[in-house]
Amino acid sequence: MSQICEIKCPHCGKWTLWKGEVDDRCLYCDGFLEPQRFSREIEKKIVAQIKKENDYFALKPTDGRIKREVKIFFNSFRWLVYYFQIAFFIFITTLLVILSFMAG
Ligand SMILES: [Zn+2]
């Protein structure tokens, strides 16, 4: 359902056509007629993308045995990388502390 109506542009104040779409732009200044709604849609898309990525490794009851094992493997691998990063950070921090003690 899209109906064309006239709307006053929030940027230049001229009357322009609005079709009710998220990405409708002003005919005169090319500004988005609903900038807040537009950014909200983008935000929604990003959130959906993150959710999809998380779902990718989530175990589903419909998954076969091999698929489950592959997913578990990748999940633990991701955690391994995560822990490795933390360990690396602690190692560097400790090294800096020791070095500053030695210098002082
Ligand atoms: Zn305008």
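This note sets out numbered points on the predicted model of the protein.

1. Overall composition. The secondary structure of the protein comes to 2 helices and 2 strands. Read from the N terminus, the elements follow the order β-β-α-α. The radius of gyration is 26 Å, well over the 13 Å that the globule rule gives for 104 residues, so the protein is more spread out than a compact globule.

2. Dimensions and burial. The C-alpha trace spans about 70 × 55 × 15 Å along its principal axes. Of the 104 residues in the protein, 3% are buried. As for contacts between residues at least 6 apart in sequence, 4% join residues at least 24 apart.

3. Domains. The domain assignment gives domain 1 as residues 1-56 and domain 2 as residues 59-104. Between the C-alpha centres of domain 1 and domain 2 there is a separation of 40 Å.

4. The strand pair. Strand β1, residues 5-8, pairs with strand β2, residues 15-18, in the antiparallel sense, and the pairing runs over 4 bridges. Cysteine 5 stands opposite tryptophan 18 in β2, while lysine 8 has tryptophan 15 in β2 as its bridge partner. The two strands form a hairpin with 6 residues between them. In the turn of this hairpin, glycine 13 has a positive phi of about 80 degrees.

5. The loop between β2 and α1. Aspartate 30 is found in this loop. Its backbone deserves a look on the display: aspartate 30 has a positive phi of about 65 degrees although it is not a glycine. Aspartate 30 has 10 other C-beta atoms within 10 Å; because a residue with 12 or fewer is classed as exposed, aspartate 30 is exposed.

6. Helix α1. Arginine 37 is found in α1. It has 14 C-beta neighbours inside 10 Å and therefore counts as partly exposed, since that class lies between the limit of 12 or fewer for exposed residues and that of 20 or more for buried ones. Arginine 37 and glutamate 21 are 16 residues apart along the chain, and their C-alpha atoms are separated by 9.9 Å.

7. The loop between the helices. Glycine 64 is placed in the loop between α1 (35-56) and α2 (65-103). With 8 C-beta neighbours inside 10 Å, glycine 64 counts as exposed. The C-alpha atoms of glycine 64 and glutamate 6 are separated by 55 Å, the two residues being 58 apart along the chain.

8. Helix α2. At 1.5 Å a residue, the 39 residues of α2 should span 57 Å. The end C-alpha atoms of α2 are 57 Å apart, which agrees with that expectation. Helix α2 is hardly covered, as the count of buried residues among its 39 residues is 0.

9. Points to read together. The hairpin of β1 and β2 precedes the two helices in the β-β-α-α order. The spread of the protein, with a radius of gyration of 26 Å, may be read alongside the 40 Å between the domain centres and the 57 Å between the end C-alpha atoms of α2. The figure of 3% buried residues for the protein may likewise be set beside the count of 0 for α2.

Conventions. Residues numbered from 1 in each chain as written. Predicted model: local features only at pLDDT ≥ 70, side-chain atom pairs only at ≥ 80, totals over all residues. Domains from an automatic or database assignment. Expected span 1.5 Å × (residues − 1). Pairing = 2+ DSSP bridges. Rg over C-alpha atoms; globule rule 2.2 N^0.38 Å. Contact = placed C-beta atoms within 7 Å.
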